[in-house]
Amino acid sequence: REQSRLLTGLIAVFLLGYAGLAFKLFQIGLRFAGSFPGLGPILIERTGLSRTLVDTVGRTAEASGLNITHEIQAVDTSFTMDEQINIYRIVQEALSNILKYAAAARVHVEMRLEDGAVRLTIRDDGRGFDMKADRALHGLGLQSMRERAEILGGTIRIWSAAGEGTRIEVRIPRGDALEAGA
C-alpha cells in the first residue's frame with residue numbers, strides 16, 4: 001500500500017515535470033518562430049501579419065548577421081487569415097532566397113497601403129541575377145511567390161541585374177477593395 005502511494009506520487013511528479021517541460025518547449029518555439037517556418041501562421045493568428053513580419057525580419061537579421069531594415073505598416077484587417085499567411089510566405093521565400101543566393105550585406109522590407117492596394121517590396125544589394133536567364137526566373141522560390149501573388153489577386157514584378165541586387169515588388173488589392181469591386 002505504501003509502495004503504491006509512493007509509485008503514484010512519483011508518476012505524478014514525472015507527469016507534472018513532463019508537462020512543464022512541454023510547455024517550456026512550446027514557449028521557446030513561439031519565441032523563435034521566425035526560425036521555424038511552420039510556426040509563422042500560429043504567430044499571425046496570435047499577433048497579426050504586421051507584427052509577425054517585424055519579428056521574422058528581426059530574427060532573420062539576428063540569425064544571419066545581415067543588416068535588414070523594415071517599414072511595415074499594419075494592414076492586418078484588410079486581409080483574411082489565409083491571405084495574411086500567403087503574404088507572410090512571400091516575404092519568407094524572398095528572405096530565404098536572399099540568404100541562399102544573394103550574398104547581400106543589406107536588405108530592406110517594406111509593406112504599406114498605397115492606392116487601394118498593399119505594396120510589398122523586398123530589395124537587397126546582393127549579387128543579383130541575369131533576368132534573361134530562364135532558370136533564374138523559373139526557380140521554385142520565385143514561382144511560388146508568383147503563384148501566391150496571383151492567388152491574392154495581385155501582381156509581382158522582379159528587377160535584378162548581375163552585381164546590382166534584386167528588388168521584388170508585390171501589389172495586392174486590399175481585401176475590402178476586392179469586396180467592393182465584386
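Me: A salt bridge requires a side-chain nitrogen of Lys or Arg within 4 Å of a carboxyl oxygen of Asp or Glu. What makes Glu83 a residue that has no salt bridge?

Reply: In this predicted model, the nearest side chain of opposite charge to Glu83 is that of Arg174, which is 10 Å away. The cut-off is 4 Å, and therefore Glu83, with Arg174 at 10 Å, is said to have no salt bridge. Glu83 is nevertheless buried, a word that stands for under 20% relative accessible area.

Me: Where is Glu83 placed, and which backbone atom does its side chain reach?

Reply: Glu83 belongs to helix 4, which covers residues 81–102, and its side chain reaches the backbone nitrogen of Thr80 at 2.8 Å. Because a polar contact is a suitable pair of N or O atoms within 3.5 Å, the 2.8 Å between the side chain of Glu83 and the nitrogen of Thr80 falls inside that limit. When neighbours within four places in sequence are left aside, Glu83 is in contact with Ser78 and Leu152.

Me: How do you know that Asp124 has no salt bridge?

Reply: For Asp124, which is found in strand 3, the nearest side chain of opposite charge is Arg127, 9.0 Å away; since a salt bridge has to be within 4 Å, the pair does not qualify. Asp124 is buried, and its side chain reaches the backbone nitrogen of Gly126 at 2.7 Å. Apart from residues up to four places away in sequence, Asp124 touches Ile98, Ala102, Ala104, Arg106, Val107, Gly165 and Thr166.

Me: Why is Ala105 called partly exposed?

Reply: The relative accessible area of Ala105 is 44%, and because buried means under 20% and exposed means over 50%, this value lies in between and Ala105 counts as partly exposed. Ala105 is found in the loop between helix 4 and strand 2 (106–114). The C-alpha atoms of Ala105 and Asn67 are separated by 6.2 Å, although the two residues are 38 residues apart along the chain. Not counting residues up to four places away in sequence, Ala105 touches Leu66, Asn67 and Asp125.

Me: What makes Ala103 and Asp115 exposed?

Reply: Ala103 has a relative accessible area of 57% and Asp115 has 73%; exposed means over 50%, so both values meet that condition. Ala103 is found in the loop between helix 4 and strand 2, whereas Asp115 is placed in the loop between strand 2 and strand 3. Phi of Ala103 is near 50°, a positive value in a residue other than glycine, and phi of Asp115 is likewise positive, near 50°.

Me: Which residues have the most contacts inside the largest nonpolar core, and which element supplies its largest share?

Reply: The largest nonpolar core has 35 residues, and those with the most contacts inside it are Val107, Val109 and Met111. Helix 4 provides the largest share of this core, nine residues, while strand 1 (67–72) and strand 3 (117–124) are among the elements that each supply at least two. Beyond its neighbours within four places in sequence, Val109 is in contact with ten residues' worth of listed partners, including Val57, Ile68, Val91, Leu95 and Ile122.Me: How many helices and strands does the chain have?

Reply: The secondary structure of the chain comes to seven helices and five strands, and 40% of its 182 residues count as buried.

Key
Residues numbered from 1 in each chain as written. Predicted model: local features only at pLDDT ≥ 70, side-chain atom pairs only at ≥ 80, totals over all residues. Heavy atoms only, no water. Helix = DSSP H or I, 4+ residues; strand = E, 2+ residues; numbered from the N terminus. Buried < 20%, exposed > 50% of the residue type's maximum accessible area, 1.4 Å probe, protein only. Lys, Arg positive; Asp, Glu negative; His and termini not counted. Polar contact = N/O pair within 3.5 Å; in protein donor to acceptor, adjacent residues only side chain to side chain. Contact = heavy atoms within 4.5 Å. Core = buried A, V, L, I, M, F, W, Y, C linked by side-chain atoms within 4.5 Å.
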